[in-house]
Amino acid sequence: MKTSLIIAIDGPSGAGKSSSSRQLAARLGYRYIDTGALYRVIGLLAWERHISLDDSKGLVALCRDLPLRFISESTNVRVLLGERDITAAIRQPEVSQMASKVSAQPAVRQALLTLQRQMGQDGGVVLEGRDIGTVVFPDADVKFFLDASPEERGRRRHDELQQQGVTTTLDATLREMAERDQRDSERAHAPLRRAEDAIVVDSTTLSLDEVVHLLLQHVSAVRKC
């Protein structure tokens, strides 16, 4: 029986990656790593410090020695930068857009690639992102590509923003997500795409429990091999 697997979960925003990845990790007793949070942190810092997207050296400097911690809780994962809780800050619409633009910078992706591999190299981990199964861990033990219809993803994202107290419209959320999808899938370096050997899970009509159940079934099959 295989133990300490590396599980990669990729997919676009609003597909349910975060919730299902957290629950899957909890059910397996694995560590959960949100690699997208790394880019959100860089996006937040670049936004706050007015660092231009054309300033590759400045952006790469932000990636060095990040005092970043993930603290798992029953229904959420808190993200701390040093002693600062930035969980809500990195989910702001402005930061989401910055994160997408920052992640398109090859120098930034390269700078964070080593960090991501170090975080997951020992296994017993569920990593979620957009290029985990294709670039970060192309030899991951299990790969999933989680997706949903654009309308459902937009609705979920809009509900999430409202719960966070962010004022926006569903139309604006759908438009921003479409722009981000296009950037992520068309960028030259590590674009968002499904790994050829990834298991596709369409969560459009599934509940969170149903998605996690499907993921567990596939992981259990691999662990028994």
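Buried here means under 20% relative accessible area. That cut-off is handy from the start, because Ser-20 comes in at 0% relative accessibility and so counts as buried. The model behind these close-ups is a predicted one.

**View 1. Ser-20, a buried residue of helix H1.** Ser-20 sits in helix H1, and its relative accessibility of 0% puts it in the buried class. What does Ser-20 touch, if residues up to four places away in sequence are not counted? The list is Leu-146, Leu-208, Val-211, Val-212 and Leu-215. For a distance to check on screen, take Ser-20 and Val-136: their C-alpha atoms are 20 Å apart in space, with the two positions 116 residues apart in sequence.

**View 2. The open sheet, strand by strand.** Five strands make up this open sheet, in the order E2-E6-E1-E7-E8, and the pairing is parallel. Why do strands E2 (31-34) and E8 (199-202) each have a side without a neighbour in the sheet? Both stand at the edges with a single partner strand, so one side of each stays unpaired there. Going from one strand to the next, the twist averages 20 degrees.

**View 3. Zooming in on the E2 edge.** The partner to look at here is strand E6 (residues 125-129), which pairs with E2 in the parallel sense over 4 bridges. Within that pair, Arg-31 stands opposite Val-125 of E6. Helix H2 (residues 35-48) lies across both E2 and E6, and H2 runs at about 40 degrees to E2.

**View 4. Helix H7, end to end.** Does the geometry of H7 (residues 150-163) agree or disagree with the expected rise? It agrees: 14 residues at 1.5 Å each should span 20 Å, and the end C-alpha atoms of H7 are 20 Å apart. The buried residues of H7 are Glu-152, Arg-153, Gly-154, Arg-157, His-158 and Leu-161. As general background, an α-helix has 3.6 residues a turn, so residues three or four places apart point the same way. The cover over the buried residues of H7 includes H2, helix H4 (93-103), strand E7 (142-147) and helix H8 (170-186). After H7 comes Gly-165, with a positive phi near 85 degrees.

**View 5. The largest pocket.** This pocket has a volume of about 950 Å³. Its lining takes in 41 residues, and those nearest the centre are Gly-16, Ser-18, Ser-19, Arg-22 and Glu-160. Helix H1 (17-28), E2, H2, strand E4 (77-81), E6, H7 and helix H9 (208-223) are the elements that give two or more residues to the lining. Which element gives the most? That would be H7, with 6 residues.

**View 6. The largest cavity.** The count of cavities of 30 Å³ or more comes to 2, and the largest cavity has a volume of about 120 Å³. Residues lining the largest cavity include Ser-13, Arg-40, Pro-93, Gln-97, Arg-157, Leu-161, Met-177 and Arg-180. Two or more lining residues come from each of H4, H7 and H8. H8 holds the largest share of this lining, with 4 residues.

**View 7. Ser-13, a loop residue on the cavity wall.** Ser-13 is one of the residues lining the largest cavity. Its place in the chain is the loop between strand E1 (6-10) and H1. Is Ser-13 buried or exposed? Buried, with a relative accessible area of 13%, because the cut-off for buried is under 20%. Setting aside neighbours within four places in sequence, Ser-13 is in contact with Arg-130, Arg-153 and Met-177. Arg-153 is also among the buried residues of H7.

**View 8. Two loop residues with positive phi.** His-50 has phi near 55 degrees, a positive value in a residue other than glycine. His-50 lies in the loop between H2 and helix H3 (56-63), and it is exposed, with a relative accessible area of 72%. Asp-65 is not a glycine either, and its phi is positive at about 50 degrees. Where is Asp-65 found? Look in the loop between H3 and strand E3 (68-72). At 75% relative accessibility, Asp-65 counts as exposed.

Conventions:
Residues numbered from 1 in each chain as written. Predicted model: local features only at pLDDT ≥ 70, side-chain atom pairs only at ≥ 80, totals over all residues. Heavy atoms only, no water. Pairing = 2+ DSSP bridges. Axes fitted to C-alpha atoms, helices over the stretch in contact; angles between N-to-C directions. Contact = heavy atoms within 4.5 Å. Expected span 1.5 Å × (residues − 1). Buried < 20%, exposed > 50% of the residue type's maximum accessible area, 1.4 Å probe, protein only. 1 Å grid on protein atoms, 1.4 Å probe; cavity = no way out; pocket = protein on both sides within 12 Å on 5 of 7 lines; lining within 4 Å. Points joined across faces, edges and corners; volume = space filled by probe spheres on them.
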